[in-house]
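Biologist: I would like to learn how to read the place where two chains meet. Could we go through it step by step?

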There are 2 protein chains.
Amino acid sequence: MKKISTRARDMQASPIRKLIPYAVAARKRGINVFPLNIGQPDIPTPAPIREAIKNFDQEVLAYSPSQGEDFLVESFAGYYRNNRIDLAAEDIIVTTGGSEAIFFAFLSICDAGDEVLVFEPFYTNYNGMAFETGITLKALTTYAEDGFQLPPVDIIEKAITPKTRAILICNPNNPTGTVYPRKALEDLAYVAKKHEIYVIADEVYREFTYDGLAHTSILQIEGMAQNAILIDSISKRYSACGARIGVIASKNKAVMGACMKFAQARLSSPTVEQWGARAGMMMDPSYFEPILEEYQRRRDAVMEGLAKAEGVICKTPTGAFYVIVKLPIKDAEKFAQWLLTDFNHNGNSVLVAPAAGFYATPGMGLNEIRISYVLEVKKLKKAMETLAVAINQYKKIEEGQNNQACAANG
Amino acid sequence: MKKISTRARDMQASPIRKLIPYAVAARKRGINVFPLNIGQPDIPTPAPIREAIKNFDQEVLAYSPSQGEDFLVESFAGYYRNNRIDLAAEDIIVTTGGSEAIFFAFLSICDAGDEVLVFEPFYTNYNGMAFETGITLKALTTYAEDGFQLPPVDIIEKAITPKTRAILICNPNNPTGTVYPRKALEDLAYVAKKHEIYVIADEVYREFTYDGLAHTSILQIEGMAQNAILIDSISKRYSACGARIGVIASKNKAVMGACMKFAQARLSSPTVEQWGARAGMMMDPSYFEPILEEYQRRRDAVMEGLAKAEGVICKTPTGAFYVIVKLPIKDAEKFAQWLLTDFNHNGNSVLVAPAAGFYATPGMGLNEIRISYVLEVKKLKKAMETLAVAINQYKKIEEGQNNQACAANG
């Protein structure tokens, strides 16, 4: 009996979760393991959101409309207006997290076997959604050396095939922290319009830009109304990952009509959180100011820590709360495991995400890790100090093994 | 530019929603339109569930584990134990509604092009999930005349092809209200084991059986542990459709391992409602007694009303809160529209679901409607009286048109 489908067999399990058992064991041995591996913000969910959830008072916890509650769709439209993004209520469908928005985007514009162009390293769950919808993610590599900027337009254009239906970007980027300049988006727009394909822009980290940098939405690029599909979510914006409230939005009526069919097939997104989400959208944007200052301090703490490790390559990222670090070692997965099984510095260690899981091309990212900075600065400083010590120590161990290997061969 | 995918183009929009604009217009003209078309219970969500949601007090509304919160998985395991269904915590994944459970089941055991055997009429959203996963639903017809019982085992067995991966049932059934006797499930088990395929059993209406009838779960059939996949949800059980909390469960570890990968790809189900759902699972089963009595009274009101319409075929259903009625007319879709555009009885009319949308075979169910009885008895009696008058009246109109047509031809 063939127990499971080929696609289920071939689908990658979460690459980040593999290390969890080692972290659990390390903690049992009394090691303090700082989590630098997750995208779950530690910032409290804003009180107005929590209050709105508490105040939900309908007698029947009923389905919400498949498009989302009217009041929430209107709130999102207002939010976009305030962000100078041209989207009306009719262009918006509330989704069960940004994950479902990606899923709807793939389903709506791609048949099985179609291609979507992505830039590696990329958010691993794009892989999951691609698997589920039978599409192929074709990856162009971006590099630590230039801060993971997009490749030149001619390289992008050459990667377009007759099967390509869209270019998918995450901006600000998870896992690199890169914020794409307007010029890069204009390049994508040029390619999309010339080849009559879409740009799917995952902008769930929209507010998270540092050093005074302004974010540019794909919908702020001229002439992109019919070619742009926006992915959004309140998860990171309002520290409300567990609410599972996202958005798919486009001015392209055919795309939104298609998405509506898929939205109807799953009936609705959770109802109570839609009340919470509205309360979030109604908050004054000044809410973000202290939070961005905090994240910028954290980003700086990460970079200061990395400066103490010899031979790492990492340009200062300007957005989201991630950074990909190229290490002066060979195998980041072994290193990440070693951190939990064989290392501690004054009783501390760190849990990091090996970056190979963020690449589609085999062999890429083997010496890279992703660090999430969702820890308060004091802890983060200690975590980064620990990581720097570990990198320097592991580098010597690898060099020693190399020397031994050379001696054995010699 | 090919704007949307072929699958998005070909996917059916919700067949029930087509009539909504007509209902809105009728209400604007002052007609009182009783909704007999929806599956949204009107019973209040139990207070413990609403209280648990109100009492959610975590500072960060964080992702829950992809499998579901430990406490909820344990609560479900306890609920199954109380229902003499052998499922442990490790056999259970919390899903975002029963919809996602179906989706995971299809993904986990079927590749694109594989077949799942269903019995029409069936819940339309199975179509949506089949479209999304690229599988083919192959339908065997069941009939109003015998209360939509499953076909004999040899008919079922003949429908199995090398591509068949599962038989999907809904028990108690939406849209027919049929509760399958143990013998029918044993037949399915025989076929499943002989042909090494699965039975996916959607048992979200488990508690909703009438006339003292006991429900039999597919997992209570001997030897089915490895071949059964259970779909479940709190939506109907606790009048909590908007919570989006369901379950997929199986003793088959390969299947659950596959489901876990898909669960990780969408990160988690909504967190707050998991606290609510636990409160529901902890309620004493006596909670259901008055509710089932109420639904049984409603079912009886529906049958009494139908008795006043001439020529309808409808065996008394014994479960869920739906009934499929075969009408003495030709075109139930036109009838349903006419109810809203041209008919009223003392200022009342009804909104019903034409049943053709619940069939996969073209031309089937054209003279059938689905009635949901989620209205209080007093209103339901008036709605059914209105429907009976309408059926009798429309029948005469159709007969008149036929006579005219005959005269014109003669």
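Biologist: How many salt bridges are there between chain A and chain B?

Modeller: A salt bridge is a side-chain nitrogen of Lys or Arg within 4 Å of a carboxyl oxygen of Asp or Glu, and between chain A and chain B the count is zero. This is a predicted model, in which local features need pLDDT of at least 70 and side-chain atom pairs count only at pLDDT 80 or more, while totals for chains, interfaces and linings use all residues. Residues are numbered from 1 along each chain as its sequence is written, chains are lettered from A and ligands numbered from 1 in the order in which they are written, and side-chain values use heavy atoms, with hydrogens and water left out.

Biologist: How much area do chain A and chain B bury between them?

Modeller: The size of an interface is often given as the accessible area lost when the parts come together. Here, with a 1.4 Å probe and the loss summed over both parts, chain A and chain B bury about 6300 Å², 52% of it on carbon and sulfur atoms.

Biologist: How many residues of chain A are in contact with chain B?

Modeller: Taking contact as heavy atoms within 4.5 Å, 80 residues of chain A touch 80 residues of chain B.

Biologist: How can chain A be laid on chain B?

Modeller: When the copies are superposed by least squares on the C-alpha atoms of residues with pLDDT of at least 70 in both, a turn of 180° and a shift of 0.0 Å along the axis lay chain A on chain B with an RMSD of 0.0 Å. The two copies are therefore related as by a two-fold rotation axis, and the same surface serves both, since 100% of the contact residues of chain A recur in chain B. Of the residues of chain A, A:Lys54 comes closest to that axis, its C-alpha lying at 2.1 Å.

Conventions:
Buried area = accessible area lost by both parts, 1.4 Å probe.
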